[in-house]
Each structure stands twice: as C-alpha cells, then as structure tokens.
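Biologist: Thanks for sitting down with me. Could you show me the model, so that we can go through it together?

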Amino acid sequence: MSNASLQPATVAPASPGFIAESWRRFRRRKLASLAFCFVVALTLVAIFSPAIAGTKPVVCKYQGGIYFPALSYFNPRWENEIFFRDGFRQRYVENLKEKDPNSWAIWPLVYQDPYRRVREGEWPGHPGNASYAPPNRRNLFGTNHPGVDVFAQMVHGTRIALLVGFVSTGIAALIGLTVGALAGYLGGKLDMLLSRVIEMVMCIPALVLILALLAVLDTPTIWHLMAVLGLTGWTSIARLTRAEFLKLRQTEYVAAARALGAGRLRIMFRHILPNSLAPVLVPISFGIAAAILIESGLSFLGFGAPPPNPSWGTLLNAGRANLQMWWLILFPGLAVFLTVLAYNLIGEGIQEATDPKLRQGRK
Amino acid sequence: MVNYLIRRLLIGFVTLAMITFVIFGLIRNMPGTPLTMDLAETDPSRQISPDELERLEKIYGLDKHWSVAYVQWLGNLMKLDFGRSFREKRPVSTVIGERIGPTLVLSATSLVLAYLLAVPLGLYTTARGGKTDERVTSTLLYMLYSVPSFVTALLLLNLFYVRLEGTPFQLPLGGMTSMNYEELSGFGKLWDRFLHMLLPVACATYGSLAYYSRFVKSNMEEVIRQDYIRTARAKGVPPFQVLVRHAFRNTLIPFVTLIGLTLPGLLSGFVILESVFTWQGMGLLFLDSITNRDYPTIMGLTLMFSVLTLAGQLIADILYAFVDPRVTYS
C-alpha cells in the first residue's frame with residue numbers, strides 16, 4: 001500500500017489570505033479603485049516630473065559623455081560638475097549647441113522651469129513668459145508674478161505633496177498604534193502614563209509646535225516639516241487605538257486566546273490589532289489627507305516648504321494676493337482637493353474591504 | 001468620582017506646566033527677538049544703539065536665560081498676571097480678551113450649524129445605505145470634506161468680491177464690519193455683520209459638517225448590523241424609531257468623545273480662515289504674535305488652548321462614564 005492512499009481524497013483549496021481577499025474586495029469598489037489609480041498616476045507624475053516639465057535635458061551627450069542633467073531637479077548636487085565648469089548657468093539649449101556642436105539631447109515634454117522665468121529666445125520660437133499671463137498655449141496653467149510657469153510648478157509640487165502625506169502619516173501611524181495598543185491593552189500605570197503623554201502632545205497646539213520648531217532650525221527643509229507633522233499628528237490614532245483595545249480586551253475571544261496561553265504581544269498584535277485596525281484606518285486615511293492639507297495650508301500662510309521649493313500651497317499664497325488671477329487659485333486648489341479626496345476614498349475603500357463586520361452585511 | 005476628579009486636575013496642572021515649559025523654551029530659542037523684529041521694519045536712521053537695546057532687554061526680561069524667565073512667568077501667572085504684550089503695550093489678558101468674542105461667534109455658529117445638520121444627514125445616509133441617493137450624498141460629502149477651506153475661501157472671494165463687484169450680491173473682502181459701520185442704523189448694523197460673517201461661516205462649516213456626518217454614518221453602520229436591531233425590526237418597531245432609539249443611542253459614546261475633542265478647536269481652529277478674512281480673532285492674533293515674536297501673547301494663547309484641550313478631554317471622559325454604565329472611575 002502506498003502512502004498516497006492515506007491522504008484524503010480531496011484537498012480543500014487554500015483559502016485566500018486576509019490581504020489578498022481584502023485587495024479583491026477593494027478593487028470591486030469603483031471609486032476607491034479610481035482613487036487608487038489617481039494616486040498611482042500622481043506618483044508617476046512625481047517620479048517623472050523633470051521629464052514632464054523642465055529646462056534641462058533628460059539625457060544629453062556632451063563632449064563624449066552621457067549626462068542626465070534633469071536629475072538635478074531632485075537634488076541640485078546631482079548636476080554633473082562639468083556643466084558648472086563650462087559655465088552653463090542653467091541655460092542648456094544655447095550652451096550645448098555652442099560648446100559642443102556634436103551634442104544631442106532629449107528634452108522634457110514642456111520646456112518650462114518651476115524655479116525661474118523662461119526668457120525670450122531661450123528655446124527656438126519661444127516668446128518668453130509674460131508676468132501674470134492667463135492660461136495659454138505656452139503656459140498651460142498661466143504664470144505667476146515673476147513669470148514662472150504654474151504648470152511646471154504644479155508638476156514639481158506633486159513630489160512635495162505626496163512625500164509629505166506618506167512620510168508624516170507613516171511616522172504618526174507607527175507611534176500612534178504602538179502607544180495606543182500598549183496603553184489600551186496593558187492598562188494600569190502604563191496607561192496612565194501614556195494617556196498623559198497623549199494629552200500633553202494633543203494640548204500643544206500643532207501650529208505653535210510646527211512654527212516654533214521650524215523657526216528654531218537654522219535651515220528647515222521639507223523633511224523637518226514631515227517629521228514635525230508626524231510627531232504631532234499621532235494622537236488621534238493613539239486615542240482611537242486605545243479605545244478599541246480597551247473594548248476588545250474584554251471580549252471572549254481574547255479571554256480564549258489568553259486561556260490557550262498566548263503571550264501578551266501575540267494577543268495585542270495578532271488578535272486584537274487586526275480587529276481594531278478597521279476603525280483606526282479611518283484616522284490614518286484622513287491623516288494623510290490632513291498632512292497634505294496642513295502642508296499646503298502652511299505654505300499658503302507663507303510658513304511652509306521653504307522657497308524655492310515649488311509647493312501647491314505656495315501658488316495658493318500667490319493667488320491670495322491676486323484674487324482676480326483665478327488660475328493661481330483654481331489649479332493648485334483642484335490639485336490639493338483631488339489628492340486629498342483620493343486618499344479619503346482609498347481609506348474608505350480599505351475600511352470596507354477589511355472590516356469583517358461590514359463584509360457580512362454587504363456581500 | 002471625587003477622587004478621580006482631584007487626581008485628574010492635579011495631573012492636568014502638571015501637564016500644563018510641561019507644555020508651557022516646552023513651548024516657552026522653543027519660542028525663546030527662535031531666531032530674532034521682539035526688539036529686533038521691530039527694528040527690521042523701522043528705517044535704519046531710527047536704529048536703537050546697543051546700550052539702548054540692552055536697557056530694553058532688561059525691561060522686557062530678555063537678558064535672562066529662558067528657564068529663569070519661565071519660572072518668573074509662572075510666578076506671575078500665580079498672581080493671574082499674564083504679562084504685557086510687547087507689540088500692543090497692553091496687558092496680554094486684555095489683548096486676548098478682545099479676541100475671544102469674534103472667534104467664539106464664528107466657531108460657535110459653525111459648530112452648531114454643523115452638528116444640527118450632521119446628525120440628520122448621517123442618519124439619512126445610514127437609512128438609505130447602498131441606494132443611489134445615498135451614494136451620491138456620501139460622495140458629495142467626501143468631496144466637500146476634501147476641499148481645503150482656504151481654497152474655497154479664495155474661490156468664493158474671487159466670485160463674490162471680484163466678479164460680482166458692483167452688483168447687490170457683492171460680499172465684503174474681509175474684516176468684521178464695514179468702514180461706515182458707525183453710521184448704520186440698528187438693523188443696518190446687524191445686516192452688515194451678517195454679510196461679513198456669511199463667507200467665513202460657510203467656509204468654516206462645510207468641512208466639519210462632512211466630517212461629523214461621516215462619523216455618524218460609520219458608527220451607525222457598525223451598530224445597525226447588531227442582532228438587537230434585527231430583533232427590534234422583527235417585533236415591528238417603525239424603522240425611524242429603530243434608527244434613532246435603538247441604533248443612534250448606541251453610537252453616542254464615540255460621538256461624545258468627538259464633542260470633547262472638538263472643544264479646543266472652538267477657539268483655536270480658525271487660524272488660516274481668520275487670516276484670509278482678516279477676522280480679528282484669536283487665530284489671527286496668534287499668527288501675528290508668532291511673526292512679531294510677541295512672547296507673552298504667544299504664551300497666553302498657548303496656555304489658553306492647552307487648558308481648553310485638557311478641559312475638553314476631561315469632559316469627554318466624564319461624559320463617557322455618564323452615557324456608558326460599563327465605564328466607571330473608582
């Protein structure tokens with residue numbers, strides 16, 4: 001007799017995991033999927049921003065070498081020093097032709113710069129940007145006061161918006177979930193202590209802390225802003241997590257797990273956390289949206305991403321001083337709105353896809 | 001309960017001391033002092049000599065280390081002395097006191113409006129769950145929540161101030177009253193104030209309205225699937241009563257916490273909106289005092305916001321025990 005006949009005749013198919021199942025349910029929701037596609041598209045715009053709008057070649061051959069000057073939009077230090085040595089002064093079109101007739105270059109889709117005004121004759125047939133130009137063929141979204149193209153600023157501003165949302169909420173969620181779980185499940189003195197810490201951080205008006213911290217730093221960067229937003233924004237997540245843990249640790253299944261000898265950490269993160277995650281995902285999804293809102297709000301007030309970073313809020317700030325220039329308000333406003341909306345829809349989609357209680361009702 | 005209250009109050013004071021200590025340290029380490037910030041604005045011919053600067057620093061207590069100054073500030077606080085505003089040359093309590101009213105008018109109006117509209121909206125969307133009109137309403141509410149209030153403010157100003165200029169529909173650019181307010185009749189004054197409040201209140205309300213109604217709905221959706229709701233329906237309770245008496249009552253606990261948590265927002269929440277509409281409230285005062293490095297005013301406002309937040313949380317926790325017999329403090 002072979003071993004095979006001892007095996008059961010039919011093997012039950014492995015049931016899909018929690019994440020695979022949730023992803024399937026998430027995709028079934030049209031709006032949430034659309035929002036997800038929007039964020040993916042926005043990410044692509046952010047990654048390829050120097051290739052979409054810029055005044056530096058994406059790829060160029062110059063004096064025998066291949067260079068990628070457009071990468072300097074990500075980090076100014078990535079600009080090859082040969083261009084400094086040869087005195088390009090950010091004018092690639094004329095200098096490439098002049099200094100090396102054999103050079104070639106692949107240019108961005110739109111020849112506009114997020115940091116400076118494009119002047120007449122810089123690009124063959126380009127009349128140069130007018131100051132305060134309404135949207136036209138050359139400036140798709142118009143220009144601001146110094147004549148800098150709004151479209152280019154918005155394309156490059158996508159990077160800041162996405163990074164701020166992701167990084168700051170990531171920090172906030174990490175702190176919030178840990179603190180909330182520890183306080184809610186372990187209770188006692190630790191809960192007392194952590195609750196006081198939560199209260200303290202909540203009581204510090206976020207704007208005071210952000211402004212004070214940014215002012216104290218000598219050269220605040222967008223990364224400082226993200227850290228500050230993350231360090232101040234975790235309290236609502238922690239409070240909700242704590243409330244959920246307080247509720248769930250009294251339930252029968254936790255008692256059962258404890259009776260079976262599961263350790264504290266295992267119960268906290270394996271049994272309670274997945275069940276408390278759904279309500280907590282709401283503040284997290286709103287948190288990303290809120291971080292983007294706060295960043296644009298700070299830039300709007302003139303306290304945000306330090307210049308010359310092109311941020312959507314900075315454009316809105318210019319629109320505030322020039323109320324009749326609707327293109328300085330509408331386009332960046334729409335961008336902030338759509339991004340925030342997308343994150344809210346995604347959050348809601350995740351909630352309905354992962355919450356077993358909602359799932360039963362809406363098969 | 002009394003023991004619990006006393007303990008909470010004591011902890012509250014410690015928390016307050018720590019918050020103010022952190023903020024005091026931070027603002028005193030910001031580059032620039034009230035004296036030099038003032039100098040930056042005046043013309044070079046009126047620059048203060050180093051001797052004069054030293055004398056002024058002594059008067060304002062800026063020559064001491066910030067930790068010493070903090071202890072001094074605390075000591076004065078015990079005597080209910082908040083200090084004098086550098087910029088306004090008046091006591092901080094007077095300066096802040098003047099700004100409480102305008103902010104309260106703005107925030108209370110928008111909060112009451114938001115709550116009044118949010119509960120019925122939330123119940124309605126729960127009742128119609130999954131139907132077309134519910135999807136449309138909910139989607140519209142998400143959209144509203146996602147529109148930044150300052151973008152709306154700018155767009156509304158572009159419409160009502162710039163485009164409708166000269167028509168009877170033109171609304172004021174900002175401020176709380178018109179230039180000719182004093183000459184208006186009693187009703188005219190009221191109407192003038194109403195017109196000035198219209199845009200700020202609209203901008204302040206729609207976001208929280210969307211948030212609260214979503215909050216009500218997401219809580220209701222959990223409750224509505226419970227067995228006792230099915231029981232209530234099965235024994236023939238009218239749908240409206242099931243929704244309000246059986247379901248909504250059981251969502252009150254998170255709702256109560258939300259009220260406690262929004263209390264500090266009542267007075268501190270509108271920094272950006274007040275700045276857009278030059279509404280002379282505390283948010284605008286706070287922003288101005290940060291740019292002017294007006295330390296005593298910043299500290300006064302920080303203390304006030306913190307006290308409010310602590311009070312809000314305490315109230316939320318007490319209400320928690322009130323509405324949920326399972327929660328006790330002993």
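Biologist: From the N terminus on, how do the elements of chain B run?

Modeller: Happy to help, and please keep in mind that this is a predicted model. Chain B has 14 helices and 0 strands. From the N terminus on, its elements therefore run α-α-α-α-α-α-α-α-α-α-α-α-α-α.

Biologist: What does the C-alpha trace of chain B span along its principal axes?

Modeller: Some background on chain B may help here. Of its 330 residues, 32% count as buried. Among contacts between residues at least 6 apart in sequence, 71% join residues at least 24 apart. Along the principal axes, the C-alpha trace of chain B spans about 85 × 65 × 35 Å.

Biologist: Let's look at a helix pair in chain B. Is α6(B) oblique or roughly parallel to α8(B)?

Modeller: The helices in question are α6 (residues 132–146) and α8 (residues 186–223) of chain B, whose axes come within 8 Å and cross at roughly 135°. Angles over 145 degrees would count as roughly antiparallel, and 65 to 115 as roughly perpendicular. The crossing angle therefore makes α6(B) relative to α8(B) oblique.

Biologist: And which hand does the crossing of α6(B) past α8(B) have, left-handed or right-handed?

Modeller: On the α6(B) side, the contact is made by B:Leu141, B:Leu144 and B:Tyr145, while α8(B) brings residues including B:Tyr206, B:Gly207 and B:Ala210. By class, this contact has 6 nonpolar, 2 polar and 1 charged residues. As for the hand, the way α6(B) passes α8(B) is left-handed.

Biologist: Chain B also has some positive phi values. Where is B:Leu80 found, and is it buried or exposed?

Modeller: Phi of B:Leu80 is near 60°, a positive value in a residue other than glycine. B:Leu80 is found in the loop between α4 (66–78) and α5 (92–127) of chain B. Because B:Leu80 has 7 C-beta neighbours inside 10 Å, it counts as exposed.

Biologist: What about B:Thr278: where is it found, and is it buried or exposed?

Modeller: B:Thr278 is not a glycine, yet it has a positive phi of about 40°. It is found in the loop between α12 (271–276) and α13 (282–291) of chain B. The cut-off for exposed is 12 or fewer C-beta atoms within 10 Å. B:Thr278 has 12 others within that distance, so it is exposed.

Biologist: Now for the two chains together. Which element of chain A gives the most to the side that touches chain B?

Modeller: In all, 40 residues of chain A are in contact with 42 residues of chain B. Elements giving two or more residues to the chain A side include α7 (188–203), α12 (264–301) and α14 (327–354). With 8 residues, the one that gives the most is α14(A).

Biologist: How many nonpolar, polar and charged residues does that side of chain A have?

Modeller: We are still on the side of chain A that touches chain B, with its 40 residues. Sorted by class, it has 28 nonpolar, 8 polar and 4 charged residues.

Biologist: Which strands are the edge strands of the open sheet in chain A?

Modeller: The open sheet has 3 strands in the order β3-β2-β4, with antiparallel pairing. Its twist averages 20° from one strand to the next. Strand β2 (residues 59–62) and β3(A) pair over 3 bridges, and A:Cys60 stands opposite A:Tyr67 in β3(A). The strands that each pair on one side only are β3 (65–67) and β4 (104–106) of chain A.

Biologist: Which hand does the crossing of α6(A) and α10(A) have?

Modeller: Helices α6 (residues 150–186) and α10 (residues 235–248) of chain A pack at an angle of about 30°, with their axes 7 Å apart. The contact has 13 nonpolar, 4 polar and 3 charged residues. The crossing of α6(A) and α10(A) is right-handed.

Biologist: One last residue: is A:Thr158 buried or exposed?

Modeller: A:Thr158 lies in helix α6 of chain A. Leaving aside neighbours within four places in sequence, it is in contact with A:Leu42, A:Val45, A:Ala46 and A:Ser49. A residue needs 20 or more other C-beta atoms within 10 Å to be called buried. A:Thr158 has 24, so it is buried.

Key
Residues are numbered from 1 along each chain as its sequence is written. Chains are lettered from A and ligands numbered from 1 in the order in which they are written. This is a predicted model: local features need pLDDT of at least 70, side-chain atom pairs count only at pLDDT 80 or more; totals for chains, interfaces and linings use all residues. Axes are lines fitted to C-alpha atoms, for helices over the stretch in contact, and angles run from 0 to 180 degrees between N-to-C directions. Helices (H or I, at least four residues) and strands (E, at least two) are DSSP runs, numbered from the N terminus. Angles under 35 degrees count as roughly parallel, over 145 as roughly antiparallel, 65 to 115 as roughly perpendicular and the rest as oblique. A crossing is left-handed if the near helix is turned anticlockwise from the far one by less than a right angle, and right-handed if clockwise. Two residues are in contact if their C-beta atoms, placed from the backbone, lie within 7 Å. Ala, Val, Leu, Ile, Met, Phe, Trp, Tyr, Cys and Pro count as nonpolar, Asp, Glu, Lys and Arg as charged, and the others, Gly among them, as polar. Two strands pair if DSSP finds at least two bridges between them.
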